[in-house]
Structure formats: C-alpha cells, structure tokens
Amino acid sequence: MKILVLDQGNTTLSVALFDCNNIIFKAHRTTRRSELDYELVVEQLLLQVRHEFPFLMCVGISCSAPTLRAALLKKVSDLFSGPILDISPFIKMDIKCATANPSEVGPDLIAAAQAAYTKYGGNIVVVSLGTATTLTYIDSEASLSGVVICPGIGILLQAIKRRVPHLPRIPFEFPKSILGKDTTTCLSSGIFWGHLCMISGLIEKIRNQIPTGFKVVMCGGHLSVLREHAGFVDFFEQELVMHGVRILCEKNVLPLEDF
C-alpha cells in the first residue's frame with residue numbers, strides 16, 4: 001500500500017513516498033511566490049514519482065501557505081486521478097481541535113499532532129522547527145488544546161541580514177561555545193543557543209500551567225541543528241508531519257475503499 005505525501009510549508013515543499021509505514025523516497029524544494037514558478041516546482045517534484053501513480057492508494061496534502069493551496073491542489077489533481085486528501089480540522093482523525101477557532105489550526109500542526117498521538121499517546125508537546133517554531137499541546141483526552149508560535153531560526157537569520165546587512169554571514173550551524181569570540185560566533189550563539197533556551201523556557205512555562213509530566217517530541221526541518229543540545233526532549237521525529245499525513249490518509253481513504 002503506497003501513499004504519496006506533500007507538505008507545503010511557508011518556504012519549502014516536501015514530498016515523501018510511503019510504502020506501508022516506510023518512506024522509500026523523499027525530496028524537497030524551496031518554493032517561490034510566483035504561481036507559474038510554483039506550478040513548475042510541484043510538477044518537477046511529482047515527475048520524480050510519476051511512475052508510482054498507478055500504485056498509490058491516495059495523495060495526502062498538508063499546505064500551510066494559503067496563497068499556494070489552490071495551485072497545489074490543482075496541479076496534483078491534474079496529474080493524479082485517484083483520491084486526494086487535503087488535511088484540515090474537519091476530516092476524520094483521532095485528535096480534536098479544542099482551540100477557539102479550529103479552522104485556524106494549520107494542517108501541519110494537525111498532522112504532527114495526529115502522528116505524535118498515534119505513536120506516543122496523549123499528554124504530549126510537539127515542538128516543530130520550521131519557518132516558524134511551534135509548540136503544540138495534545139492532552140490525555142486527545143484534544144489539541146493550545147499552541148505557541150514563534151519566529152523560526154531561519155526568520156531570525158534573515159532579519160539580521162536584512163536589517164543589518166554590514167554584519168558578517170552567520171553559518172546555519174550550532175556554535176560549539178555559548179560565549180562567542182568574534183562578531184560571527186557571538187551572533188551565532190545568540191541565535192542558536194538563544195532559540196534553544198527559548199524553547200526549553202516555554203516548555204517550563206507550559207509545565208507550570210499543566211503540571212502533569214507531559215512528554216516532548218521534536219520534529220521539523222531544523223531538527224538536526226538543535227537535536228544534540230536538546231536534552232529536555234524525550235523523542236525526535238524528523239518526518240513527524242509526513243507520517244501524520246500518511247496516518248490521516250489511511251483513516252480517511254481506506255474505509256471508503258473497504259466499503
């Protein structure tokens with residue numbers, strides 16, 4: 001049973017081909033805002049797995065960029081005639097969106113929450129490291145009951161480059177020491193150690209509000225940069241969103257096929 005998953009974040013489109021629970025192919029591309037350019041990016045990625053289309057149970061789509069959603073759905077439907085699942089708070093899933101306005105909950109948060117709940121159960125915080133850094137709490141009753149959204153590491157680096165262009169380039173890597181010795185290492189420490197401390201501090205604040213010994217799972221594109229230093233995290237899952245979309249496809253498409 002094969003499922004193709006597309007995860008469109010704010011700046012990157014990722015594709016993963018699942019054979020049962022295993023990812024057998026994955027790729028990603030940075031996306032631009034021109035609709036013509038974007039459709040070409042989608043088509044180029046899908047052409048890499050086009051030979052698998054006859055064997056797919058469905059295509060699952062998580063799109064967190066509203067301006068790109070229509071173009072992504074159209075391009076996929078033009079190339080694939082089978083079932084397509086667009087992740088939203090209104091599909092069949094194990095978790096419940098207990099926020100003030102469920103329609104505002106992003107599909108990536110829903111997919112990550114579903115995957116975390118499936119694998120680790122409730123009472124868990126999902127830390128997702130992407131364009132934004134998010135912390136999502138799923139309680140013991142499977143309710144997605146709160147989220148924290150912060151600027152991600154990439155946004156912070158871009159802001160420094162844009163607002164203070166004369167500063168040296170900061171490499172996208174975790175500094176070895178918290179105390180820098182020159183401008184570059186000082187800035188790097190503030191960005192990377194500061195971001196890690198922000199996450200751990202937010203988790204402690206959540207513990208003060210929800211003192212129930214919850215678990216923490218970290219995922220997302222920047223996971224490899226922080227993982228070594230995130231001792232407060234219980235589990236690391238690079239492709240948690242992708243697995244969540246796969247699980248939601250199985251829940252929503254398989255019953256239809258069996259019926």
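## Close-up legends: sheet, strands and helix

**View 1. Thr134 stands opposite Ile149 in β9.** Welcome to the predicted model, in which local features need pLDDT of at least 70, side-chain atom pairs count only at pLDDT 80 or more, and totals for chains, interfaces and linings use all residues. Residues are numbered from 1 along each chain as its sequence is written, and side-chain values use heavy atoms, with hydrogens and water left out. Strand β8 (residues 132-138) is antiparallel to β9, and seven bridges join the two. Strands (E, at least two residues) and helices (H or I, at least four residues) are DSSP runs, numbered from the N terminus. Two strands count as paired if DSSP finds at least two bridges between them. Together β8 and β9 make a hairpin with four residues between them. In its turn, look for Ala142, which has a positive phi of about 65°.

**View 2. Strand β6 meets β9 at the edge of an open sheet.** The sheet has six strands in the order β6-β9-β8-β7-β10-β11, and the pairing is mixed. Its edge strands, β6 (96-97) and β11 (235-236), each pair on one side only. β6 and strand β9 (residues 143-151) run parallel, joined by two bridges. Here Lys96 has Ser143 of β9 as its bridge partner, while Cys97 is opposite Leu144 in β9. As a reminder for any strand view, side chains in a regular strand alternate between the two faces of the sheet.

**View 3. Leu196 is a buried residue of helix α5.** Helix α5 spans residues 183-209. Leu196 counts as buried because its relative accessibility is 5%; the classes are buried under 20% relative accessible area, exposed over 50% and partly exposed in between, with a 1.4 Å probe and protein chains only. Which residues is Leu196 in contact with, leaving aside its neighbours within four places in sequence? They are Phe174, Leu226, His229, Ala230 and Phe232, where contact means heavy atoms within 4.5 Å. Leu156 is 40 residues from Leu196 in sequence, and their C-alpha atoms are 13 Å apart in space.

**View 4. Ser188 shares helix α5 and is buried.** With a relative accessibility of 4%, Ser188 counts as buried. Setting aside neighbours within four places in sequence, the contacts of Ser188 are Ile170, Glu173, Pro175 and Trp193.

**View 5. Asn22 is an exposed residue in strand β3.** Strand β3 covers residues 22-30. Asn22 has 52% relative accessibility and therefore counts as exposed. A separation of 15 Å lies between the C-alpha atoms of Asn22 and Leu248, which are 226 residues apart along the chain.

**View 6. Stepping back, the protein has seven helices and 11 strands.** Its C-alpha atoms fill a box of roughly 60 × 45 × 30 Å along the principal axes. The radius of gyration is 19 Å, which agrees with the value near 18 Å for a compact globule of 259 residues; this radius is taken over C-alpha atoms, and the globule rule is 2.2 Å times the number of residues to the power 0.38. Buried residues make up 48% of the 259. Among contacts with a separation of 6 or more, 55% are between residues 24 or more positions apart.
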